Amino acid sequence: MEAPLFPFCGSSNSSMIEKLPVFLRDDQCCVGGIDFITMIFTLSAIPFDIMPATLERCVSVLKPGGLVLFRDYGLYDMTMLRFLPHQRVGFREYMRSDGTFSYFFTLDAVRELFRASVLVELNLEYCCVISVNRKNGKKMQRVWVHGKFQKPKSC
């Protein structure tokens, strides 16, 4: 049996369910009931080949008109440039020393992933920031992708 998207949806642990507010119990499950989802440096940690399925599961819990607010690593972010060649495991995909993934997005890659999940692009842009470590004065060039996507109201 596949694990529920959220631990309280479809759970058979009655003691856990009884402790939940009424709106989170099984008869009030979150499928089609969430107003917005924030995906902040989340999608890049998932292997690229399962990103579409992950987005589909997220879309399933959104209300029609619900939003996905997205921020993640952009191509050529300083984090990407610091990886060693042997850490590369795919196209713009790297493995950290702790075993987690890091994927670095282009606007087109994000656009294609979200469009394939029937989400409508409201905003999508790069955010380039120079962050300074105050202690050592080191400047770090950060590249992030920001996006705002909406589930069609007709879904």
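What follows is a chat between a trainee and a mentor about helices and strands in a predicted model.

Trainee: What makes Met-51, Thr-54, Leu-55, Cys-58, Val-59 and Val-61 in helix 2 "buried"?

Mentor: The cut-off is under 20% relative accessible area. Those six names, in the helix that spans residues 51-61, are listed as buried, so each falls under that 20% mark.

Trainee: And how do you know where they sit around helix 2?

Mentor: Look down the axis of helix 2: the buried residues fall within an arc of 160°, so they line one face of the helix.

Trainee: What covers the buried residues of helix 2?

Mentor: Contact here takes heavy atoms within 4.5 Å. The cover includes strand 1 (34-40), strand 2 (62-73), strand 5 (101-103) and helix 4 (107-116).

Trainee: Which residues of helix 4 are buried, and which are exposed on the other side?

Mentor: Leu-107, Ala-109, Val-110, Leu-113 and Phe-114 are the buried ones. They fall within an arc of 165° seen down the axis of helix 4, so they too line one face. On the other side, Glu-112, Arg-115 and Ala-116 are exposed, and that word asks for over 50% relative accessible area.

Trainee: What covers the buried residues of helix 4?

Mentor: Helix 2 is part of the cover, which also includes strand 2, strand 5, strand 6 and strand 7. Just after helix 4, by the way, Val-118 takes a positive phi of about 60°.

Trainee: Why do strand 6 and strand 7 count as paired?

Mentor: Pairing needs at least two bridges. Strand 6 (residues 120-132) and strand 7 (residues 139-150) are joined by twelve, so they qualify, and they run antiparallel. In that pairing, Cys-127 stands opposite Trp-144 of strand 7. The two strands form a hairpin with six residues between them, and Gly-137 in the turn has a positive phi of about 75°.

Trainee: How do you know that strand 4 pairs with strand 5?

Mentor: Apply the at-least-two-bridges rule again. Strand 4 (residues 93-95) has three bridges to strand 5, so the pair passes, and the two run antiparallel. Glu-93, for instance, has Tyr-103 of strand 5 as its bridge partner.

Trainee: What is the order of the open sheet of three strands, and which are its edge strands?

Mentor: The order is 3-4-5, with antiparallel pairing. Strand 3 (88-90) and strand 5 are the edge strands, as each pairs on one side only. Neighbouring strands of this sheet are turned by 35° against each other on average, direction ignored.

Technical notes
Residues numbered from 1 in each chain as written. Predicted model: local features only at pLDDT ≥ 70, side-chain atom pairs only at ≥ 80, totals over all residues. Heavy atoms only, no water. Buried < 20%, exposed > 50% of the residue type's maximum accessible area, 1.4 Å probe, protein only. Helix = DSSP H or I, 4+ residues; strand = E, 2+ residues; numbered from the N terminus. Arc of directions from axis to C-beta. Axes fitted to C-alpha atoms, helices over the stretch in contact; angles between N-to-C directions.
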